[in-house]
Amino acid sequence: MIRSGCWGESTTMDFSPLFSPLEGADAWLQGLLSGAPFLVALLIAVILGLRHASDPDHLIAVSSLVAADGGDARAAARLGGCWGLGHAGALLAIGLPVILLKSALPGWLERGAEQAVGVVILLLALRIVVKWVRGDFRAAPHRHGREPAADGHRHLRRAGEREHLHRHLRTPRQAFGIGVLHGLAGTGAVALLLIAALPTKLEAAAALTVFAPMTAASMTLCTTAFAWLLTRPLIEPIYRTALIPAFGLFGLMFGAWYAGLA
């Protein structure tokens, strides 16, 4: 919704222009939110929540989650749901007390969470690049155990393997933890916005309880749609050979910038 910006000194790489169009749209919605009737404010909170997954740092995390499971839509939906639950849970667990007490999160905590998000994006991207170079994202017909050859299927596997166990390169617990970090990094800005825009603490708290689950829904839908698109027959060969390493390399640069390391 609102990004505080990469903390620390200026860097040689600058990805901040990626945030500008969305920040402009958010600023317009936030202007409507200020002084709006309660029901209208709740509707705006819904729209802001549904848009939230399209932030660049979220999209890059999505590409890492999807690539980790070879673009499988069901696995992506499961991981996206856990990611969204972690994000929404952090928003509610921390944002509601902040709103009701009309306080603010310590600056060091928000900066630390934002740096941690950048480091996580960097590590996810590095793992994807390493696994792509190693051949983990090649797909070819194969079988499991005594499965007849005619029933062979295609999905993420190590190159050269004819029989293997299914790998889950990202677990729901890991996705949940990434979501918590994302939520923690943005909770202070969201809470301060709602406190400033709405006349009472109860209205601001109600808007947050609407906004948070909408972010979870948008993150689940985003990961599912992304995985479905990448596994279309015309796109999947390009995805496995070119897009996965491209996502990984871009994630390395973006994560380093976001964490203030570049």
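Read along the sequence, the chain of this predicted model follows the pattern α-α-α-α-α-α-α-α. Colour by secondary structure to begin: eight helices and zero strands are present. The chain has 262 residues, of which 44% are buried. Among contacts between residues at least 6 apart in sequence, 77% join residues at least 24 apart.

**Stop 1: the largest nonpolar core**

Select L33, I99, L194, L198 and F211. Within the largest nonpolar core, which has 25 residues, these five touch the most other members. Next, display the elements that each give two or more residues to this core: helix 1 (20-33), helix 2 (38-51), helix 4 (73-101), helix 6 (172-197) and helix 7 (201-230). Helix 7 makes the greatest contribution, with seven residues.

Now centre the view on L194. Which residues is L194 in contact with, leaving aside its neighbours within four places in sequence? They are L33, I99, A204, A207 and L208.

A separate, second core can then be selected; it comprises 19 residues, including A76, V120, A227 and Y239.

**Stop 2: helix 6 and the loop facing I195**

Keep helix 6 on display and select G186. At this residue helix 6 bends by about 45°. What span should the 26 residues of helix 6 have at 1.5 Å a residue? The expected value is 38 Å, and the end C-alpha atoms are 35 Å apart, which agrees.

From here, select S34 together with I195. S34 is found in the loop between helix 1 and helix 2. The C-alpha atoms of S34 and I195 are separated by 9.8 Å, although the two residues are 161 residues apart along the chain. Is S34 buried, partly exposed or exposed? Its relative accessible area is 45%, so S34 counts as partly exposed.

**Stop 3: the aromatic cluster**

Show the aromatic side chains. The count of aromatic pairs comes to ten. F15 and F254 form one edge-to-face pair, at 5.5 Å centre to centre and with 65° between the planes. F15 lies in the segment before helix 1 and F254 in helix 8 (residues 236-258), so this pair ties together parts that are 239 residues apart in sequence. Both F15 and F254 are buried.

Move next from F254 to Y258. Why is this pair described as stacked? The ring centres of F254 and Y258 are 5.6 Å apart and their planes stand at 25°, so the pair is stacked. Both residues lie in helix 8, four residues apart, about one turn of the helix. The relative accessible area of F254 is 0%, so F254 is buried; Y258, at 4% relative accessibility, also counts as buried.

Extend the selection to F15, F19, F250, F254, W257 and Y258. Ring pairs link these residues into a cluster.

**Stop 4: D55 and R51**

Finally, select D55, in the loop between helix 2 and helix 3 (56-68). Is D55 buried or exposed? With a relative accessible area of 9%, D55 is buried. Display the side chain of R51 as well: the side chains of D55 and R51 make a polar contact at 2.9 Å.

How values were computed. Residues are numbered from 1 along each chain as its sequence is written. This is a predicted model: local features need pLDDT of at least 70, side-chain atom pairs count only at pLDDT 80 or more; totals for chains, interfaces and linings use all residues. Side-chain values use heavy atoms; hydrogens and water are left out. A nonpolar core is a set of buried Ala, Val, Leu, Ile, Met, Phe, Trp, Tyr and Cys residues joined through side-chain atoms within 4.5 Å. Buried means under 20% relative accessible area, exposed over 50%, partly exposed in between (1.4 Å probe, protein chains only). Contact means heavy atoms within 4.5 Å. Rings of Phe, Tyr and Trp (its six-membered ring) pair if their centres lie within 6.5 Å; planes under 30 degrees apart count as stacked, over 60 as edge-to-face and the rest as tilted. The expected span of a helix is 1.5 Å times one less than its number of residues. The bend at a residue is the angle between axes fitted to the seven residues ending there and the seven starting there. A polar contact is a pair of N or O atoms within 3.5 Å; within protein, one must be able to donate a hydrogen and the other to accept it, and residues adjacent in sequence count only if both atoms are side-chain atoms.
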